[in-house]
Structure formats: C-alpha cells, structure tokens
Amino acid sequence: AYVNTKEILEKASQEFYAVPALNINNLEFLQVIIEAGLEERAPVIIETSEGAIKYAGNGNILRGAKLFVDMVRAYADTIDIPVALHLDHGKHFEFIMAAIKAGYSSVMIDASEYPFEENLKITKKIVEIAHSVGVSVEAELGRLVGIEDNVIVEEHEAALVDPDEAAEFVEKTGVDFLAPAIGTSHGAFKFKGAAKLDFDRLKKVKNLTNKPLVLHGASSVPQEIVKLAEEYGANFKGAKGVPSEILKEAVRYGINKVNTDTDLRMAFVAGLREFLAGNPAEFDPRKYFKTSKEYVKKVIKDRMRLLDCANKA
Ligand code: G3H
Ligand code: 13P
Ligand code: ZN
C-alpha cells in the first residue's frame, strides 16, 4: 500500500529501528527495492533527488515527478507492505511543488546551506503548503562536510547540528522529521581515517526534539562490492563509508531513516561489469542487468536486517 512517510517513520521512532531510504533513477532499482521489502517484510521508503526527477522527465520536472509517482504507485497499490515516495534534497520551489502536485508521500526541504533563521523561515513555509495537502516534510540542520573539503576540526564541529537550535527549529517549523548533521557526507569517500560520528549531539537532538531523525550520507560502501567492481576494471581507490556497527549505534540513539544511494550504485555497477565481462555476446537489457539487480537486492536486504526493519511490515 502507498502510505505517508510519516506513518512509517513515527512507528520506527517509537520502536527504535530504522528504515533505509533508497534512491532510484529508473525502473530496475525500484523493482529490486520492492522485491527486497517483500522478502524481508519491511516497510519501504523510495526517494528521488531533483536530478533524478529531471532525468526521468527528460528535463520536464512535473513529467519526471509524475512518472515516479505512477511507477511507485503501480507497485505499492498491488502489494501488502507500506511503500512511501519521498523527494530527497528539495532545494528549489519548483521541484518541491511538482513533487507535491504529482502525489509524493513526503518532501525534503533542504535549506541547510542558509543561516539558521533563513532555513527556519523557508522550512516553515514549505511545511504550511505540504501539510495543507497531507504531505509530510523533512528538513536538515547543519551541513554535511566531506573529507574532501579538508576542513580543520573547529570548522568541522561548527558545521554540525546545534541541539538547542534543533529543538527551536522543530517547534517553530512543525517539520515531521529532521536530518541533523553529525559527521557524515555524501558519496563514496567519507572518511580518510577511522569513521566517527558525533553521537553526543545525536542523543541531545533526539532528547530535545523527540522526532524521527534522518541520517544522510549513510552508505557503508561494502568493501566486498568495491573489490568485486575493481576486479572487473573499476577504480574506487580510497572508497570508504559508514561501517555497519556505527550505523547500528546511530539507530540506537534515535536515527530512523537511513539515506542510501551510493551503496546501490556501486553494487549495480559491480554486477554490470561482472556480467558483461562474462557474457560478451549479450545485448538484451533485461538480461545484462541480471547480476546488477541481484547485488543491489542483496545490499538492500542486508541493510533492512541491520537496521532492524525486517519483519516490521
Ligand atoms: O544526496 C544525494 C543523492 O545521492 C542523490 O544524488 O543528485 O546525483 O541524484 P544525485
Ligand atoms: P550516500 O551517498 O551515503 O548513499 O548518501 C545518500 C543520501 O544522503 C541521499 O540523500
Ligand atoms: Zn542526502
């Protein structure tokens, strides 16, 4: 069934587990996410970035958003696990309005690059609009500072969420779930040394807001996938993600939505490289995506079990 994201996340927050939010750009990723959810009896959150919507609609934003809603609903309406569709990192009014109009279950307003007061003002406006039509809203506080930015420690700390601000923000905006920056970053190269997140901040934010919380940049970059892809010609030198134990700890302290894109992309390309290397005469896409889809599905099922949302649907 097609549901409001809030419904999935409030249950997760009350029962202290997390649901992976999985980015898609096309049909094949959606198919395996649904299969994984059904096999694990897990609630499913699918998300698309602004870039994904633009890609799907060949440049036409509303067309792209509608395509995703139709595709996701066609699956959701015919199965008995909860499925939600979320706009990831909405930064432009046009994309957010298109997603709401097309029928997304929830949207993210990411105004985290603006000063606190500005972020609050923009988020509040989007919450008013979205709530008037029953769409739930995620916002972000603090910035995801990647290691590539090469920032010094104090600057890095300054980029992370301020728990008191988080309390004020949630109260004044009425946002449904919050993404606090606690030390992750997007992509395949998250840490140079040991992976470390600021759990003290996370605990405080959970305590002060009591809201479902979201971890962005949460891919684990499984080393067996990296190795496999590299065996077939990829170069992912230095790729490193958030280790499973650290994710588990984050869930213990109140994370309920675990945004995952990079891991799926890497598993897909590893499978594609492997398949094509072994089947040089194949040219049917329904066949040459076979190994890719198997690897992506395995990554998702492993996450569902790790985050403890398996058997919750
Ligand atoms: O947060 C970013 C997601 O991984 C989506 O990335 O803008 O390349 O679609 P994208
Ligand atoms: P990863 O790059 O770690 O998969 O993060 C994805 C994300 O945060 C999408 O919003
Ligand atoms: Zn993100």
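This passage describes the strand pairing, nonpolar core, ligand surroundings and selected residues of a predicted model.

Strand 4, residues 106–109, is paired on either hand with a parallel partner. Strand 3 and strand 4 are joined in the parallel sense by 3 bridges, and strand 4 and strand 5 (residues 136–141) run parallel with 4 bridges between them. Val107 takes part in both pairings: its bridge partner in strand 3 is Leu87, and its bridge partner in strand 5 is Val137. The connections between these strands are helical. Helix 5 (residues 93–102) lies in a right-handed β-α-β unit with strand 3 and strand 4. From strand 4 the chain passes through helix 6 (residues 116–132) to strand 5, and this β-α-β crossover is likewise right-handed.

In a regular strand, side chains alternate between the two faces of the sheet. In strand 4 both faces are covered, with Ser106 and Met108 buried on one side and Val107 and Ile109 buried on the other. Val107 also belongs to the largest nonpolar core, which comprises 95 residues. Within that core, the members that touch the most others are Ile33, Ile46, Ala99, Val107 and Leu178. Nonpolar side chains tend to be buried together in soluble globular proteins. For Ala99, the contacts beyond four places in sequence are Ala65, Leu87, Gly90, Tyr104 and Val107. Ala99 thus touches Leu87 and Val107, the two residues that form a bridge between strand 3 and strand 4.

Two ligand surroundings were examined. The shell around ligand 1 consists of Asn23, Ser49, Gly51, Ala52, Asp88, His89, His186 and Asp261. Helix 3 (50–56) and strand 3 (83–90) are the elements that give two or more residues to this shell. By class, the shell holds 1 nonpolar, 5 polar and 2 charged residues. Around ligand 2 there are 14 residues, of which His216, Ser219, Asn259, Asp261 and Thr262 come nearest. Two or more residues of this shell come from each of strand 3, strand 8 (255–260) and helix 12 (262–278). The division here is 1 nonpolar, 10 polar and 3 charged residues. Asp261 appears in the surroundings of both ligand 1 and ligand 2, and strand 3 gives two or more residues to each shell.

Three further residues were considered individually. Lys206 is placed in helix 9 (residues 199–209). Lys206 counts as buried because it has 21 C-beta neighbours inside 10 Å, the threshold for burial being 20 or more. Apart from neighbours within four places in sequence, Lys206 is in contact with Leu213, Tyr253 and Gly254. The C-alpha atom of Lys206 is separated by 9.7 Å from that of Pro180, a residue 26 positions away along the chain.

Arg41 and Val221 each have a positive phi without being glycine. The value is about 50° for Arg41 and near 45° for Val221. Arg41 is located in the loop between helix 2 (27–40) and strand 2 (44–48), whereas Val221 is located in the loop between strand 7 (213–215) and helix 10 (223–231). Their surroundings fall into separate burial classes. Arg41 has 14 other C-beta atoms within 10 Å and is therefore partly exposed, while Val221, with 20 C-beta neighbours inside 10 Å, counts as buried.

Note on methods. Residues numbered from 1 in each chain as written. Chains lettered and ligands numbered in written order. Predicted model: local features only at pLDDT ≥ 70, side-chain atom pairs only at ≥ 80, totals over all residues. Near = placed C-beta within 6 Å. Nonpolar A, V, L, I, M, F, W, Y, C, P; charged D, E, K, R; others polar. Buried ≥ 20, exposed ≤ 12 C-beta atoms within 10 Å, placed from the backbone. Pairing = 2+ DSSP bridges. Right-handed = clockwise from strand over helix to strand, strands pointing away. Core = buried A, V, L, I, M, F, W, Y, C linked by C-beta atoms within 7 Å. Contact = placed C-beta atoms within 7 Å.
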